[in-house]
There are 2 protein chains.
Amino acid sequence: MARTQGSHSEITGPRIREAALHLFAKHGFAAVSMRQIAGEVGVQVGALYNYTPDKQALLFSLLEGHMIDLLEAWRSLDTPQSPEARLEAFVRFHIAFHLDRPEAVFISYMELRNLDPENFSRIERLRRDYEDALETILRDGVAKGVFALPDSKLTTLAVIAMLTGVTTWYRPGGRLGPDDVSRLYWDMVRKTVAA
Amino acid sequence: MARTQGSHSEITGPRIREAALHLFAKHGFAAVSMRQIAGEVGVQVGALYNYTPDKQALLFSLLEGHMIDLLEAWRSLDTPQSPEARLEAFVRFHIAFHLDRPEAVFISYMELRNLDPENFSRIERLRRDYEDALETILRDGVAKGVFALPDSKLTTLAVIAMLTGVTTWYRPGGRLGPDDVSRLYWDMVRKTVAA
DNA sequence: GTCTATATGTAGATAGAC
DNA sequence: GTCTATCTACATATAGAC
């Protein structure tokens with residue numbers, strides 16, 4: 001799908017990122033060629049290098065963008081006071097955010113090993129920041145006596161794994177809608193941490 | 001690391017599978033070349049094709065072997081009568097089995113999309129068999145009134161996601177040993193399904 | 001900013017000697 | 001059963017014209 005020559009800087013950049021996100025999610029970073037990405041966008045392969053220095057930087061930028069979006073979205077949310085209400089807000093936020101961008105979630109878990117070491121560290125730092133948000137809620141609830149958990153770090157990781165797992169089976173138009181899913185997961189989390 | 005010529009059929013096959021498992025887990029299927037696998041084993045690349053018709057078949061065989069091992073191990077376990085005891089047995093089994101072979105677990109989740117469609121279906125069928133084992137326990141507990149869950153399929157998937165998540169952070173010699181981990185996860189699962 | 005052409009390397013898989 | 005040599009295809013990335 002080659003395109004006639006011309007300058008399209010404002011739209012080509014985002015389209016490259018979208019195409020890369022889509023293809024990386026479907027086939028995996030290593031299995032996707034720059035030519036495939038170019039083909040999906042409708043440009044020739046050389047044009048991609050006006051927008052990214054190399055393939056690795058393109059992957060990193062997608063993963064970093066996703067983590068920054070996640071943290072920003074959570075921080076800009078008006079969170080309630082009580083630990084229970086804050087935990088419920090976190091559960092519902094996490095599910096809604098993740099169901100909204102399954103491809104970004106997918107590559108953010110799957111393609112970590114294709115990052116070079118420095119890029120990997122940066123993503124891990126962002127991930128830890130997000131985990132800390134949940135752990136803080138849990139610790140606070142324990143301190144106030146409304147939650148009971150033997151190990152706040154392990155519970156944090158277990159809850160996030162459980163919630164993120166929703167993206168492996170959820171399909172729009174399926175038996176359960178997003179609100180059903182949020183409610184059911186919140187039920188489970190609530191019981192898990194209950195005092 | 002080339003090796004002098006000679007016949008080693010009894011040992012080369014397993015060593016190829018080990019090397020492939022290790023390299024696929026570390027770098028990803030698509031990022032690993034047949035030459036790398038041969039190098040790790042200490043043979044030349046042509047020799048690999050005495051043991052697998054192609055790279056795809058090698059991946060499938062690793063994933064299928066893992067799922068069959070998992071199902072066999074669970075089925076050969078003497079499971080108790082009561083739903084609570086059976087659920088506890090499942091949780092402890094799942095964690096012990098998964099902590100024992102982190103690389104096979106890892107590629108079994110990460111490399112599904114690199115299977116061709118028919119191979120993918122076969123692995124999915126085995127995975128569903130395993131999920132059914134847990135769902136049967138949960139349904140039984142609900143019928144007997146000892147568990148309360150709004151949706152046995154969703155709870156099945158949530159519990160498996162939570163338990164399998166242990167492989168993403170567990171490291172031998174870390175703060176928590178395998179028995180600690182099993183106990184803590186069992187605590188969480190028990191509360192989640194409690195009536 | 002995009003194109004075409006290309007440099008350079010490496011991939012999966014096979015053939016035939018030993 | 002393994003080796004060496006090779007076929008064919010495709011990879012990332014760059015140079016220079018438009």
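## Two domains, one chain

Take the centres of domain 1 and domain 2 of chain A over their C-alpha atoms, and you'll find 29 Å between them. This is a predicted model, so keep that in mind as you look around. Where does one domain stop and the other start? Domain 1 of chain A covers 1-52, and domain 2 of chain A covers 55-193.

## Where they touch

How many residues are in contact across the two domains? On the side of domain 1 of chain A there are 14, and they meet 13 residues of domain 2 of chain A.

The size of an interface is often given as the accessible area lost when the parts come together. Here, the two domains of chain A bury about 1300 Å² between them, with 69% of that on carbon and sulfur atoms. Three residues are worth finding in the structure: R17(A), L21(A) and F29(A). Together they supply 45% of the area that domain 1 of chain A buries against domain 2 of chain A, and no other three residues give more.

## What kind of contacts?

Looking for salt bridges between domain 1 and domain 2 of chain A? The count is zero. Polar contacts do turn up, though: six residue pairs, both at pLDDT 80 or more, link the two domains of chain A this way.

## Domain 1's side of things

Which elements of domain 1 give two or more residues to the side that touches domain 2 of chain A? They are α1 (9-27) and α2 (34-41) of chain A. The largest share, seven residues, comes from α1(A).

Sort the residues on this side of domain 1 of chain A by type, and you get 10 nonpolar, three polar and one charged.

Technical notes
Residues are numbered from 1 along each chain as its sequence is written. Chains are lettered from A and ligands numbered from 1 in the order in which they are written. This is a predicted model: local features need pLDDT of at least 70, side-chain atom pairs count only at pLDDT 80 or more; totals for chains, interfaces and linings use all residues. Side-chain values use heavy atoms; hydrogens and water are left out. Domain bounds come from an automatic or database domain assignment. Contact means heavy atoms within 4.5 Å. Buried area is the accessible area (1.4 Å probe) that two parts lose on being put together, summed over both. A salt bridge is a side-chain nitrogen of Lys or Arg within 4 Å of a carboxyl oxygen of Asp or Glu. A polar contact is a pair of N or O atoms within 3.5 Å; within protein, one must be able to donate a hydrogen and the other to accept it, and residues adjacent in sequence count only if both atoms are side-chain atoms. Helices (H or I, at least four residues) and strands (E, at least two) are DSSP runs, numbered from the N terminus. Ala, Val, Leu, Ile, Met, Phe, Trp, Tyr, Cys and Pro count as nonpolar, Asp, Glu, Lys and Arg as charged, and the others, Gly among them, as polar.
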